[in-house]
Every structure is written in structure tokens, then in C-alpha cells.
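Got the viewer open? Let's take a short walk through this structure, one selection at a time.

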Amino acid sequence: MNVSDAVAGRTSIRAFTDKPVDTALIQELLEKAARAPSGGNLQPWRVFVITSETMPRFLSFLSETDITDEAAYQIYPNDLKSPYRDSRFKVGEDMYALLGIPRDDKAARFARLAENYTFFGAPTGFFCFVDRQMGPPQWSDLGMFLQTFMLLAQEAGLATCAQEAWAMRPNSVSSFVGADEELLLFCGMAIGYKDPDAPVNGLYSDREPLDVWARFV
Ligand SMILES: Cc1cc2nc3c(=O)[nH]c(=O)nc-3n(C[C@H](O)[C@H](O)[C@H](O)COP(=O)(O)O)c2cc1C
């Protein structure tokens, strides 16, 4: 697989088979992904892996814990402007259409959102944290690392979904994985083998045309 194929073929996968993922493979992909660039070579990503062996214990912990969570950070700006707001709306509507969930079925939409907190059934996942000392430049480095990981996973036949939804459960996650207080949870990453029969996995999200976001001066 070349880079163009990996970039074009990667999509966010939100339904997985039960097949476990070998922990040695995750370790190998993480080590390769750490070749991602970062400003000043800070390598600010701090990763906690939930292995296929640990996943059942993690999910029970989440459902049983009474730890109070408050958002680690605000995921989207208030009053998101166009065209950003339109893109967000469109991908959501496209996903719910594939799932056959109408706009007014709030309960079904809520239940779908809640599936974030089971890693969408993925057998394995990780959490990406960053030191609270870091700012926007280092947060962007996390993106470099995460996309590099997702492309390498694509090459290895694995499917992924980055999940900032986990920013709503930071205390529960930190408590389970044993993250220091100085670490802030940025996102989760669901990892597993794609369920080819799940309609939601057919989502191929739109992209804005080049002239919306690039100018050749
Ligand atoms: C940092 C980050 C966080 C994300 N968080 C979530 C999430 O919490 N839940 C979800 O279903 N998708 C999440 N996504 C997936 C995006 O919705 C997806 O990348 C976007 O719609 C483009 O679709 P594609 O990944 O299939 O190309 C996230 C993506 C990124 C990069």
C-alpha cells in the first residue's frame, strides 16, 4: 500500500468484528507512529493502551464507576460558524441516514452517541493525553501522531476511529489507566477489524473543495 492509498482508504470506522488485536502489533504501530514530526521534537503524546485482554474490565469499570466527570476541554466553539457548522451537520446527518435514524428520534441518536463509550465495540483502543503545560502547537503535534498511527493501522489491515467524545469522561479514564494529574485527556482511538456488514461503515465523508480553504497567491 502506498501513502496515497492509505490516505484515501482510511475512514472512521464505527462498528468492528470481535476479532482481538494482537498487542504486539499495536506496540509496533505506536513505535512507527512516533516518527511523526513535532515542534522542537517534543513528542508530546502520552498514550495508554487498552488491550484486547483489558477491554472487558475497562468497560465494566466505566459502567460501574460513580466518578464525576466534567469535560476535559470544550470540543467545538460556541456558535460554530459556516462553513464549519455545515460540515459538522452534514456528516452527522449522513451517518444517521445510513443508520436509518430520523432527525426527531432523539433517543436513538443519543444511544448512538453513547456507543462512543464502548469504543464502538472495538476490541482494543488507546487514549492520547498531553501534559497540561502544553498549548495549541503541541496539541497539533498530537494530530500528526494520531493520523500517522491511523495510516499505519490502515496499512496493517486495521480500522480506527479517533474519538474526542472521550473528553467527556476524563476522570473515569484517567482513574482506570492511572494517568498522572498533570496529563489531560485529548482523545481516544478505537482500533480493530472493520465489520464489513455494518451500514455505518459505508460512510465516506465529504470534503470541502480546494477553493474554499486554499488560495494560491
Ligand atoms: C481528533 C478527532 C476526534 C474525533 N472524535 C470523534 C468522536 O468522538 N466520535 C466519532 O464518531 N467520530 C469522531 N471523529 C471522526 C470524525 O467525525 C471524522 O474524522 C470526520 O467526520 C471525517 O470522516 P473520516 O474520518 O471518515 O474521513 C474524530 C476525528 C478526529 C480527527
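Start by selecting Lys 32 and Glu 28: their side chains form a salt bridge, with the closest N and O atoms 3.5 Å apart. Keep in mind as you look around that this is a predicted model. Both Lys 32 and Glu 28 sit in helix α2, four residues apart, or about one turn of the helix. Are these two buried or exposed? Somewhere in between: Lys 32 counts as partly exposed because its relative accessibility is 37%, and Glu 28 is partly exposed too, at 40%.

Now show the whole of helix α2 (residues 23-33) along with helix α6 (residues 136-155). The two pack with their axes 9 Å apart, at an angle of about 135°. That angle falls between the 115 and 145 degree cut-offs, so α2 and α6 count as oblique to each other. The way α2 passes α6 is a right-handed crossing.

For another pair of helices, pick α3 (residues 55-64) and α7 (residues 170-177), whose axes come within 11 Å and cross at roughly 135°. That makes α3 oblique to α7, and their crossing is right-handed.

Back to salt bridges. How many are there in the whole structure? A search finds seven. For one of them, select Asp 94 and Lys 90, whose side chains meet at 2.8 Å, N to O. Both lie in helix α4 (residues 84-99), four residues apart, about one turn of the helix. Asp 94 is partly exposed, with a relative accessible area of 24%, and Lys 90 counts as partly exposed at 37%. Add Asp 206 to your selection, and you'll have a network: Lys 90, Asp 94 and Asp 206 are linked by salt bridges.

Stay on α4 and click Glu 93, which forms a salt bridge with Arg 103, the closest N and O atoms being 3.4 Å apart. This pair links distant parts of the chain, since Glu 93 is in helix α4 while Arg 103 is in the loop between α4 and α5 (106-114), 10 residues apart. Glu 93 has 19% relative accessibility, so it counts as buried; the cut-off for that is under 20%.

Last stop: the surface. Select Leu 210, Val 212, Trp 213 and Phe 216, and you'll see a nonpolar surface patch of about 500 Å². Leu 210 belongs to helix α8 (residues 210-213), and it counts as partly exposed because its relative accessibility is 44%.

Notes. Residues numbered from 1 in each chain as written. Predicted model: local features only at pLDDT ≥ 70, side-chain atom pairs only at ≥ 80, totals over all residues. Heavy atoms only, no water. Patch = residues over 30% accessible without salt bridge, like charges linked within 9 Å, V, L, I, M, F, W, Y side chains within 5 Å. Areas by Shrake-Rupley, 256 points an atom, 1.4 Å probe, with all protein chains shown as cover. Salt bridge = Lys/Arg side-chain N within 4 Å of Asp/Glu carboxyl O. Buried < 20%, exposed > 50% of the residue type's maximum accessible area, 1.4 Å probe, protein only. Axes fitted to C-alpha atoms, helices over the stretch in contact; angles between N-to-C directions. Parallel < 35°, antiparallel > 145°, perpendicular 65-115°, else oblique. Left-handed = near helix turned anticlockwise from the far one by under 90°.
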